[in-house]
Amino acid sequence: MDVRVATIDGRKMLALFLILFACFALTITVNYYFTIGVFFLLLIILKQLIMRSLLRGPKNRSPQLNHPDYQFIKCNNDGIDVFGYVNYQPQEADLVVVIHGWMSSSSKFVERMRLFRERGFHTLAHDMRGHGIAPHTDEWTAGKVISDLKFLLENIEKNLVRKVHFYGHSLGGYICLGLYNKRHSGWWKQNTGTIILESPMTAYSPIMRQMSGILSFLAPLLRKWALASFRKIHPQYSDVIWADVDIPRWGLPDSEILLLQSANDSKLGRYHFDLLMRQNINVEAHLLTSLTHSKNQVNIERDQLIIKWIEEKMK
């Protein structure tokens, strides 16, 4: 079940504020020793507010995919509904799994999926938690998305699939890379084809620095709190350390990679691209001046490179 385990809900937060107010009043009117209680309550509340912010899902949703060529899939992962959209070819074929980015959805990838579908590939898209039609989650983590995606892959027509290729945009690229961590397994991993990454996120550390804002001077403490929260949410990964949130430890595939990077990425900049390029991987990289980070359902320069990759690497 998807319940809060690292943070507390709104009613308990309200109770903490009421207790804080009471302690503050007692400090003024009764005894200054209540100042100690005020200090500790402020620390608890600060931690809760910070962690609720770091674990918060997207503020806005893109619409769900509604297309006659795609079959709607719904399955249940430990009490949580997992959603996907699939188009099967009439015969056995390779599968392309498309993973959208933050505050996006599968509906934004119809044109990109068409490039594969028209060339004989099955295509599968997944709405992450808090995106598209997928349910809200109070504590959003990439680990939950990976768990859902693995579950979804176990519930498709595997007998129709030869190889599995992944296409990840932005945060979706981070999910693609994370799937290749040794802690994750599945039939798809033994049948991996190529990977296409479009302006991908490759590390969480710079994202957290950005989210921390004026509290960035507390970075060591924030990392400690974040790791403790992740371990509570995902107790099966209790040995995780901070280095695990960035590549290469986050995950690096052995497969051939096509990297399509916005040359002027207004969302992620060049940090993630440069970090990936420093790794010992088999990558064909392109910096595209015509490509923006988002709002690019159709881009001629990018789409021509995808078609070329399909013809040369995927067939």
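**Entry 1: a proline in a loop**

I started with P248, which is found in the loop between α7 and β7. This is a predicted model, so I kept in mind that I was reading a prediction. I looked at the peptide bond from I247 to P248 and found it to be cis, with omega near 10°. I noted this one down because most peptide bonds are trans.

**Entry 2: backbone angles with a plus sign**

Next I went looking for positive phi values. My reason was simple: most residues other than glycine have a negative phi.

M103 came up, with a phi near 60°, and it is not a glycine. I found M103 in the loop between β3 and α3. Is M103 buried, exposed or partly exposed? Its relative accessibility is 34%, so M103 counts as partly exposed.

S199 came up as well: its phi is positive, about 40°, and S199 is not a glycine either. S199 sits in the loop between β6 and α6. Here the relative accessible area is 0%, so S199 is buried.

I also wrote down G213, which comes just after α6 and takes a positive phi of about 55°.

**Entry 3: who touches S262?**

I moved on to S262, which I located in strand β7. S262 is buried, with a relative accessible area of 0%. Which residues is S262 in contact with, leaving aside its neighbours within four places in sequence? I listed S199, L287, L288, L291, T292 and H293. So S199 from my last entry turned up again, as a contact of S262.

**Entry 4: the largest pocket**

I then opened up the largest pocket, which has a volume of about 1500 Å³. Its lining is made of 47 residues. Nearest its centre lie W102, M103, L171, M201 and I207. I was pleased to meet M103 again, the residue with the positive phi near 60°.

Which elements give two or more residues to the lining of the largest pocket? They are α2 (34–54), α4 (142–153), α5, α6 (205–212) and α7. The largest share, five residues, comes from α7.

While I was at α6, I checked which of its residues are buried: S205, P206, I207, M208 and S212. I207 is thus on two of my lists, as a buried residue of α6 and as one of the residues nearest the centre of the largest pocket.

**Entry 5: a helix on the inside**

Helix α3 covers residues 110–117. Why do I call α3 largely enclosed by the rest of the structure? Because six of its eight residues are buried. They are V110, R112, M113, L115, F116 and R117. I smiled at the two arginines, R112 and R117, in that buried set.

I wanted to know what these buried residues pack against. The strands are β2 (80–87), β3 (93–99), β4 (122–127), β5 (161–169) and β6 (192–198), and the helix α9 (300–314) joins them.

**Entry 6: rings**

I counted aromatic pairs and got ten. Y174 and W250 form one that is stacked, at 4.2 Å centre to centre with 0° between the planes. This pair links distant parts of the chain, 76 residues apart: Y174 is in helix α5 (residues 171–178), and W250 is in the loop between α7 (219–233) and β7 (257–262). P248, from my first entry, is found in that loop between α7 and β7 too.

Both rings belong to buried residues. Y174 has 4% relative accessibility, and W250 has 9%.

Elsewhere, ring pairs link F72, F83 and Y85 into a cluster. I also found a charge over a ring: the charged end of R183 sits over the ring of Y237, 4.8 Å from its centre.

**Entry 7: cysteines**

Last, I looked for disulfides. A disulfide is a covalent bond between the sulfur atoms of two cysteines. How many did I count? The count is zero.

Why does C75 have no partner? Its closest cysteine sulfur is in C176, 18 Å away, which is too far for a bond. The cut-off for a disulfide is 2.5 Å between the sulfur atoms. From the other side, C176 has its closest cysteine sulfur in C75, at that 18 Å.

I checked burial here as well. C75 counts as buried at 10% relative accessibility, and C176 counts as buried at 1%.

Notes:
Residues are numbered from 1 along each chain as its sequence is written. This is a predicted model: local features need pLDDT of at least 70, side-chain atom pairs count only at pLDDT 80 or more; totals for chains, interfaces and linings use all residues. Side-chain values use heavy atoms; hydrogens and water are left out. Buried means under 20% relative accessible area, exposed over 50%, partly exposed in between (1.4 Å probe, protein chains only). Helices (H or I, at least four residues) and strands (E, at least two) are DSSP runs, numbered from the N terminus. Contact means heavy atoms within 4.5 Å. Rings of Phe, Tyr and Trp (its six-membered ring) pair if their centres lie within 6.5 Å; planes under 30 degrees apart count as stacked, over 60 as edge-to-face and the rest as tilted. A charge sits over a ring if NZ of Lys or CZ of Arg is within 6 Å of the ring centre and within 35 degrees of the ring normal. On a 1 Å grid over the protein atoms alone, a cavity is a set of points where a 1.4 Å probe fits but cannot get out, and a pocket is an open set with protein on both sides within 12 Å along at least five of seven lines; lining residues have an atom within 4 Å of a point. Grid points are joined across faces, edges and corners, and a volume is the space filled by probe spheres set on the points.
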